[in-house]
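Please open the structure in the viewer and follow the stops below in order. Each stop states what to select and what is to be found there.

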Amino acid sequence: MGEMVGSQSQSSFKIILGSSSIARKKILAEMGYKFEVMTADIDEKSIRRESPEELVTVLAEAKADAIISRLNIKDYKEKDAETTLLITSDIVAVYEGTIREKPTSEEEARQFLRSYSQGHVSTVGSVLVTNLKTGIKHGGIDKAEVYFHDIPDEIIQNLIDERVVFNVAGGLLLEHPLILPFVDTLIGASDSVMGLPKALTEKLIQEALSYNAD
């Protein structure tokens, strides 16, 4: 994992990942970045929007605002301060036009997973990169769609027993060894379904850095 990332050496900037998600940490590390982690700890259920694109955008912004409110932001804005980028994101699953967030009960998780069997589900994710030195935000949306074969009930029960389905939007675990054999087709990027689309994140990081340099 080299120090060179894109056209920039990371010695010229720092990254804060505003997420405790194991998948997001893994994806950002795979992209070659070093970063520290901060969590937003916001009440996501208190923020409601009709459109999935609007909901994930507003949630990524709320996460950024919550983290920034805990930082001594003056230090990041100093003229000679190192540029720091804060990355926040959010994702929802959309099934037959209905927004799905993390399942809140075994019954809901079972209902979600059964509905994907021989069916398909979309994900809508947002990424927001905030340059803490300039205060300027660069955001975008990425979507993917997953088609499934028949998912046996015992596989669904095993996933529920493992509890990991409760940590992901729509209970949608793309790369879990139990579910992977039942994935038929993926339209889009697997990292997008897992919560941090690499191509969009890289584009926004480069935009945040080049905008700062102008």
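Which residues lie nearest the centre of the largest pocket? In this predicted model, select Ser-21, Arg-24, Lys-102, Asn-167 and Val-168, which hold that position among the 33 residues of the lining. The volume of this pocket is about 1000 Å³.

**Stop 1: the lining**

Next, colour helix H1 (22–30) and strand S5 (83–95), each of which contributes at least two residues to the lining of the largest pocket. H1 provides the largest share, with four residues. Colouring the lining by residue class gives 13 nonpolar, nine polar and 11 charged residues.

**Stop 2: a pair of helices**

Now leave the pocket and select helix H4 (residues 106–116) together with helix H5 (residues 153–162). How do the axes of H4 and H5 cross, and at what angle? The two axes come within 10 Å, and the crossing angle is roughly 140°. Angles over 145 degrees would count as roughly antiparallel and those from 65 to 115 as roughly perpendicular; H4 and H5 are therefore oblique to each other. The handedness of their crossing is right-handed.

**Stop 3: the contact between the helices**

Finally, display the side chains where the two helices meet. On the H4 side, select Glu-106, Ala-109, Arg-110, Leu-113 and Arg-114; on the H5 side, select Asp-153, Ile-156, Gln-157, Leu-159 and Ile-160. By class, this contact of H4 with H5 comprises five nonpolar, one polar and four charged residues.

Technical notes
Residues are numbered from 1 along each chain as its sequence is written. This is a predicted model: local features need pLDDT of at least 70, side-chain atom pairs count only at pLDDT 80 or more; totals for chains, interfaces and linings use all residues. Side-chain values use heavy atoms; hydrogens and water are left out. On a 1 Å grid over the protein atoms alone, a cavity is a set of points where a 1.4 Å probe fits but cannot get out, and a pocket is an open set with protein on both sides within 12 Å along at least five of seven lines; lining residues have an atom within 4 Å of a point. Grid points are joined across faces, edges and corners, and a volume is the space filled by probe spheres set on the points. Ala, Val, Leu, Ile, Met, Phe, Trp, Tyr, Cys and Pro count as nonpolar, Asp, Glu, Lys and Arg as charged, and the others, Gly among them, as polar. Axes are lines fitted to C-alpha atoms, for helices over the stretch in contact, and angles run from 0 to 180 degrees between N-to-C directions. Angles under 35 degrees count as roughly parallel, over 145 as roughly antiparallel, 65 to 115 as roughly perpendicular and the rest as oblique. A crossing is left-handed if the near helix is turned anticlockwise from the far one by less than a right angle, and right-handed if clockwise. Contact means heavy atoms within 4.5 Å.
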